[in-house]
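Hi everyone, thanks for making time for this. I'd like to walk you through a structure that is probably new to most of you, so let's have a look at it together.

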Amino acid sequence: MILDVAREQVLERGEGLDEAQVREVLRLPDELLDDALALAHEVRMRWCGPEVEVEGIVSVKTGGCPEDCHFCAQSGRFESPVRATRLDIPSLVEAARQTAATGATEFCIVAAVRGPDERLMAQVREGVAAIHAAVDINVACSLGILTRAQAEELAELGVHRYNHNLEAARSYFPEVVTTHTWEERWDTLMLVRELGMEVCCGCILGMGETVEQRAELAVQLAALDPDEVPLNFLDPRPGTPFGDLEVMDGRDALRAIAAFRLAMPRTVLRFAGGRELTLGDLGARQGVTGGINAIIVGNYLTTLGRDPHEDLDLLASLSMPVKALSQTL
Ligand code: SF4
């Protein structure tokens, strides 16, 4: 049985499941779901420890993106209600300060762009320096597809981690985005790795992909050996091409959490967007006792998440220390 194999291979030896094995986990019957989550939790405790990493994100440029990612309310090509806005440097520093006060160790600057132009690079240059001078927190960036020169500059600025999501399996990506390719995203991730920044690479599940493609995605992510994987579940936004898709079944989402943890025993697996909708109130608890070991506090760019204090209270009730707090207490 796949969970017995996983216990020996992943829990004992720390070797992630391969594609066929991930498929088996994704197809487990409901009666075995709790067992799969329990094993994923054991794997996470064994290979990552009990700490939960907390991260805050801020958007310096929201909406008006020229790309056509079919899930995204920030694309300027769809009739979605997100307006293009920009954030100034003092507001950015204040957001970093508030994020650090929650115990978060990472603060990610995000922009809805295909890739940064010179104006955005100048803003990031100034913003990263201002945050480093005023707040004790790691700065991460998510600015889309990078040129080598831009990636080099971010590394020199001391950007700790770079986020760029593969979003979907290679075979499904053309159904999700037509204005750039999966390979362009992959190339940026390789640059980030080569230049010594931590690689954060996530995905969105529930976009109409098959179970086979979900397994394909898990092993493509694992092949990157990412430091962090933010796991999103599609929140179908009105006006986007995926606006009419059904919300992913909660049990399938939990199966996916367990399967992704078993494919990537050592990575930081982060709950990102859409989890409230897909999993409801119980989702956070089942996730962090089923393989998840990081959360985002505050809002998820365009849709409201939970109050950060609810998440922090939950971690306290589960005796899971927040990384930064456990270092300072
Ligand atoms: S590149 Fe990013 S911001 Fe732009 S449409 Fe795609 S997901 Fe949205």
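**A walk through the model**

Let's start with one residue: W182 is buried, with a relative accessible area of 5%. Please keep in mind that we are looking at a predicted model. W182 shares helix 8, residues 182-194, with W186, and the two are 4 residues apart, about one turn of the helix. In general, an α-helix has 3.6 residues a turn, so residues three or four places apart point the same way. How are the rings of W182 and W186 arranged? Their centres are 5.2 Å apart and their planes are at 15°, so this pair is stacked. The structure holds 1 aromatic pair, and you are looking at it. As for W186, its relative accessible area is 22%, so it is partly exposed.

Another tryptophan has a charged partner. The charged end of R266 sits over the ring of W47, 4.5 Å from the ring centre. Right beside W47 in the numbering you'll find C48, which is partly exposed at a relative accessible area of 27%.

That brings us to the cysteines. How many disulfides does a search of the whole structure find? The number is 0. Take C201: the nearest cysteine sulfur belongs to C200 and is 7.4 Å away, and C201 is in no disulfide. A disulfide would need the two sulfur atoms within 2.5 Å, so you can see why this pair does not count. C201 is also buried, because its relative accessibility is 0%.

Let me step back for a moment to the overall picture. The protein chain has 14 helices and 10 strands. Of its 329 residues, 56% count as buried. Now consider contacts between residues at least 6 apart in sequence: 77% of them join residues at least 24 apart.

Here is one pair of positions to find in the viewer. A101 lies in helix 4, residues 89-101, and it counts as exposed because its relative accessibility is 69%. A101 and V135 are 34 residues apart in sequence, and their C-alpha atoms are 9.8 Å apart in space.

Next, please turn to helix 5, residues 118-134. This helix has 17 residues and spans 24 Å from its first C-alpha to its last, close to the 24 Å expected at 1.5 Å a residue. Which residues of helix 5 are buried? They are L120, M121, Q123, V124, G127, V128 and I131. Looking down the axis of helix 5, these buried residues fall within an arc of 155°, so they line one face of the helix. On the other side of helix 5, E118, R119 and A133 are exposed.

I'll finish with two loop residues and their backbone angles. Most residues other than glycine have a negative phi. E167, though, has a positive phi of about 70° and is not a glycine. You'll find E167 in the loop between strand 5 (161-163) and helix 7 (173-176). D225 also has a positive phi, near 50°, and is a residue other than glycine. Its loop runs between helix 9 (211-224) and strand 8 (228-233).

Are these two residues buried or exposed? E167 counts as buried because its relative accessibility is 7%, whereas D225 is exposed, with a relative accessible area of 55%.

Thanks for listening, and do spin the model around yourselves.

Technical notes
Residues numbered from 1 in each chain as written. Predicted model: local features only at pLDDT ≥ 70, side-chain atom pairs only at ≥ 80, totals over all residues. Heavy atoms only, no water. Buried < 20%, exposed > 50% of the residue type's maximum accessible area, 1.4 Å probe, protein only. Expected span 1.5 Å × (residues − 1). Arc of directions from axis to C-beta. Phe/Tyr/Trp six-rings, centres within 6.5 Å; stacked < 30°, edge-to-face > 60°. Lys NZ or Arg CZ within 6 Å of the ring centre and 35° of its normal. Contact = heavy atoms within 4.5 Å.
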